[in-house]
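Student: I would like to go through this structure and ask how each label is earned. Can we start once it is on the screen?

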Amino acid sequence: MWGRTHETLKITSAAVALTKPPVGCDVTVNIIGTIYTNGRGGPISYEWLRGSEKKAPVLVVDDASGSQTVQVELKWAFHGKGTYQAVAEFRVLEPDQAQASTTFTYSCS
């Protein structure tokens, strides 16, 4: 009985979505990472990898509300002319691992 009422936070999955695709030059893209949980509260460690990055700062969000979804945001700025195929990878590190990614194109002529 105690185990069912005092369950620890578990991550069930992760998802990523752009708030809107980039249009034009010199834009900032807002990317939302959604962490799905079992509804228990607690700290969640995650990171965003942009493009070919191999390392990124580890960030922490506290799911104090005990909600089954937690959202975090990445703001990624693009400047200059050219076309760039961008990949944003969202990795949940603790208490359980999950990941999701999105690909989009920045194009400025």
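Student: In which strand does T37 lie?

Tutor: This is a predicted model, and in it T37 belongs to strand β2.

Student: Why is T37 called buried?

Tutor: Buried means under 20% relative accessible area. T37 has a relative accessible area of 6%, so T37 is buried.

Student: What makes the pair T37 and G39 a polar contact?

Tutor: A polar atom of the T37 side chain lies 3.0 Å from the backbone nitrogen of G39. The cut-off for such a pair is within 3.5 Å, and 3.0 Å meets that distance.

Student: How do you know that C25 and C108 form a disulfide?

Tutor: The sulfur atoms must be within 2.5 Å. Those of C25 and C108 are 1.8 Å apart, so the pair counts as a disulfide. By this rule the count comes to 1 disulfide.

Student: Which parts does the pair tie together?

Tutor: C25 is in the loop between β1 and β2, while C108 is in strand β7, so the tied parts are 83 residues apart in sequence.

Student: Why is the disulfide called right-handed or left-handed?

Tutor: The torsion about the S-S bond is about 95°, so this disulfide is right-handed.

Student: Are C25 and C108 buried, exposed or partly exposed, and why?

Tutor: Partly exposed is the range between 20% and 50%. C25 has 36% relative accessibility, so C25 counts as partly exposed. C108 has a relative accessible area of 6%, which is under 20%, so C108 is buried.

Key
Residues numbered from 1 in each chain as written. Predicted model: local features only at pLDDT ≥ 70, side-chain atom pairs only at ≥ 80, totals over all residues. Heavy atoms only, no water. Helix = DSSP H or I, 4+ residues; strand = E, 2+ residues; numbered from the N terminus. Buried < 20%, exposed > 50% of the residue type's maximum accessible area, 1.4 Å probe, protein only. Polar contact = N/O pair within 3.5 Å; in protein donor to acceptor, adjacent residues only side chain to side chain.
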